[in-house]
Amino acid sequence: MLLQGLPEPIDLQLHLAERTLYWTDRGDPPRGNSVNRTPMDPPDGQREPEILWTHLMEGIGIALDPDDGRMFVTDMAGTVYAADLDGSNRREILIAQGNLTGIAHAVIPT
C-alpha cells in the first residue's frame, strides 16, 4: 500500500475487521497534525486519505478499540483524546500530561 503526499505519518493502527488503516500525522497543516484513515482495499485502487480531525499539537500515538467503536490519540503537548472511529465525539481525557509519545489499548478480562 502506498500513501503519497502525507506530511509526516507517525503511528499506524489496523482495523482488520473493516480493513481500514488509521494513523496520526504530525506534519504541517493542512494535512498534518491530524488523525486519518483509508481503506486497505479501496475501489479502483484510489487511496485518498480521509482526515478525521485536525489541530493536534503534533499527533503522535493512536490505539483502536474496535469492539467499542472508539479510538484513543495522544499528542506531544500531553493531551489524550478519545473519539468514535469516524472521528466524531472527540473529547479530551487528560490534558498537559507532559511529552507523550504513544498510547496502547488493552482489554483486561473481568
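This is a dialogue between a visitor and a guide about reading the strands, core and buried residues of a predicted model.

Visitor: Where should I begin if I want to see how the strands are arranged into sheets?

Guide: A good habit is to follow the order of the strands across a sheet and then look for its edges. Here one open sheet is formed by four strands in the order E1-E2-E3-E4, with antiparallel pairing. Its edge strands are E1 (9-15) and E4, each of which pairs on one side only. Neighbouring strands of this sheet are turned against each other by 25° on average, direction ignored.

Visitor: Which strands form an open sheet together with E6?

Guide: Four strands in the order E5-E6-E7-E8 form an open sheet, again with antiparallel pairing, and the edge strands in this case are E5 and E8, since each pairs on one side only. The average turn between neighbouring strands of this sheet is 30°, direction ignored.

Visitor: How many bridges join E6 and E7, and which residues stand opposite each other?

Guide: Reading a pair of strands means going along the bridges and noting the partners. Strand E6 (residues 70-75) and E7 are paired in the antiparallel sense over five bridges; methionine 71 has alanine 83 of E7 opposite it, and arginine 70 has aspartate 84 as its bridge partner in E7. The two strands form a hairpin with four residues between them, and glycine 78 in the turn has a positive phi of about 95°.

Visitor: What is found on the way from E7 to E8?

Guide: E7 and strand E8 (residues 91-94) pair in the antiparallel sense over three bridges, and alanine 82 stands opposite arginine 91 in E8. Their hairpin has six residues between the strands, and there glycine 87 takes a positive phi near 90°.

Visitor: Why can E7 be called largely enclosed by the rest of the structure?

Guide: To judge this, count how many residues of the strand are buried, which here means under 20% relative accessible area. Four of the five residues of E7 (residues 80-84) are buried, so the strand is largely enclosed by the rest of the structure.

Visitor: Which elements give two or more residues to the largest nonpolar core?

Guide: A core is best read by listing its members and then asking which elements supply them. The largest nonpolar core has 12 residues, among them Val35, Trp53, Met71, Tyr81 and Ala83. The elements that give two or more residues to this core are strand E4 (50-53), strand E5 (59-65), E6 and E7. Two of the core members, Val35 and Trp53, also face each other as partners, for valine 35 stands opposite tryptophan 53 in E4, where three bridges join strand E3 (residues 34-39) to E4.

Visitor: Is aspartate 25 buried or exposed, and what lies 2.9 Å from its side chain?

Guide: With a polar residue, look first at its accessible area and then at its polar neighbours. Aspartate 25, in strand E2 (residues 20-25), is buried with a relative accessible area of 0%. A polar atom of its side chain lies 2.9 Å from the backbone nitrogen of glycine 27. Residues that aspartate 25 touches include Pro7, Arg31, Asn33 and Gly59.

Visitor: What does the side chain of threonine 24 reach?

Guide: Threonine 24, also found in strand E2, is buried with a relative accessible area of 0%. Its side chain reaches the backbone oxygen of isoleucine 60 at 3.2 Å, and the residues that threonine 24 touches include Val35, Ile62 and Val73. Threonine 24 and glutamate 8 are 16 residues apart in sequence, yet 8.5 Å apart in space, C-alpha to C-alpha.

Key
Residues numbered from 1 in each chain as written. Predicted model: local features only at pLDDT ≥ 70, side-chain atom pairs only at ≥ 80, totals over all residues. Heavy atoms only, no water. Buried < 20%, exposed > 50% of the residue type's maximum accessible area, 1.4 Å probe, protein only. Pairing = 2+ DSSP bridges. Core = buried A, V, L, I, M, F, W, Y, C linked by side-chain atoms within 4.5 Å. Polar contact = N/O pair within 3.5 Å; in protein donor to acceptor, adjacent residues only side chain to side chain. Contact = heavy atoms within 4.5 Å. Axes fitted to C-alpha atoms, helices over the stretch in contact; angles between N-to-C directions. Lists of a residue's contacts leave out its neighbours within four places in sequence.
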